[in-house]
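Visitor: Hello! I would like to take a close look at one part of this structure. Could you show it to me first?

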Amino acid sequence: MKIICVGDSLTYGYPFGEKYSWTGIISGKKGWEMVNLGVNGESSGEILQRVRKHEYFKNGGSKIGSEKKADKVTIMCGSNDFVYDLGGVNDVLANTLQMVLMAKEEGIRPVVMIPALCEPAQAREAWMDGLGVDYEKVNSQLLALGKELKAAKDRFDFELIDIQTGYEKYHKYVDGLHPTKEGYELIAQIVKEEL
């Protein structure tokens, strides 16, 4: 199975790199081809622009990774939109649904992933404390995004993986925003079970 994975640093595997990302862990264990197209720091709008510019989904995704067509595409974004105040829940939802429709037009099954919440106290200590990021607001927006994606799932016909709920019990981060290595392993387990 070939799966294209678009997203931000939570897909890329920051700060450990692709080998330790949830995509890398699944590739190693399942033998699936996981094409990691996560880029650190990108908003949902930037991810959408990149998908369009590089035509990741063109010809069923055969332009990236191996030449075979992709079976599925995972889409996970929104955290950076809320941390950097680049857009609201409706903006992230619209950008995500654009990618869902683009994937479906090319015959690739879309799988949307709800990002995990952050740990506000740890995030303030590790990131941008001087810029006054309201991480409690970030979490409320991530929760609202999850609700909107669940509501849109059947109407737009995509699969949904709720990382937010699945990660909640573990809830450990290296910097308040990014999972530990064990956290990425947990995400890989959640995704593997759902795919």
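Visitor: In what order do the strands form the open sheet, and is the pairing parallel or antiparallel? Please take me through that part slowly.

Guide: Happily! Keep in mind that we are looking at a predicted model. The open sheet is formed by 5 strands, and their order is S2-S1-S3-S4-S5, with parallel pairing. As general background, strands of a sheet pair through backbone hydrogen bonds, and this can be done in a parallel or an antiparallel way.

Let us begin at the edges. Strand S2 (33-38) and strand S5 (159-162) stand there with a single partner strand each, so one side of each has no neighbour in the sheet. Now look at how the strands sit against each other: on average, neighbouring strands of this sheet are turned by 20°, direction ignored.

Next, zoom in on one pair. Strand S1 (residues 2-7) and strand S3 (residues 72-76) run parallel, and 5 bridges join them. Within this pair you can find Ile 4 of the chain standing opposite Val 73 in S3.

The sheet also has helices packed on it. Helix H6 (residues 89-105) touches S1, S3 and strand S4 (109-114). The direction of H6 makes about 160° with that of S4. Helix H10 (residues 181-194) lies across S4 and S5, and H10 runs at about 150° to S5.

H10 turns up again when we look at helix H2 (residues 22-30), where Trp 22, Thr 23, Ile 25 and Ile 26 are buried. These residues cover an arc of only 160° around the axis, which means that they are on the same side of H2. And what covers them? The cover includes strands of our sheet, namely S1, S2, S3 and S4, together with helix H1 (9-12) and H10. Just after H2 comes Gly 31, which has a positive phi, near 75°.

Finally, step back to see where the sheet belongs. The protein chain has 10 helices and 5 strands. Its radius of gyration is 16 Å, close to the 16 Å from the globule rule for 195 residues, so the chain is as compact as a globular protein of that length. Along the principal axes, the C-alpha trace spans about 45 × 35 × 30 Å. Of the 195 residues, 52% count as buried. Among contacts with a separation of 6 or more, 75% come from residues 24 or more positions apart.

Notes
Residues numbered from 1 in each chain as written. Predicted model: local features only at pLDDT ≥ 70, side-chain atom pairs only at ≥ 80, totals over all residues. Heavy atoms only, no water. Pairing = 2+ DSSP bridges. Helix = DSSP H or I, 4+ residues; strand = E, 2+ residues; numbered from the N terminus. Axes fitted to C-alpha atoms, helices over the stretch in contact; angles between N-to-C directions. Contact = heavy atoms within 4.5 Å. Buried < 20%, exposed > 50% of the residue type's maximum accessible area, 1.4 Å probe, protein only. Arc of directions from axis to C-beta. Rg over C-alpha atoms; globule rule 2.2 N^0.38 Å.
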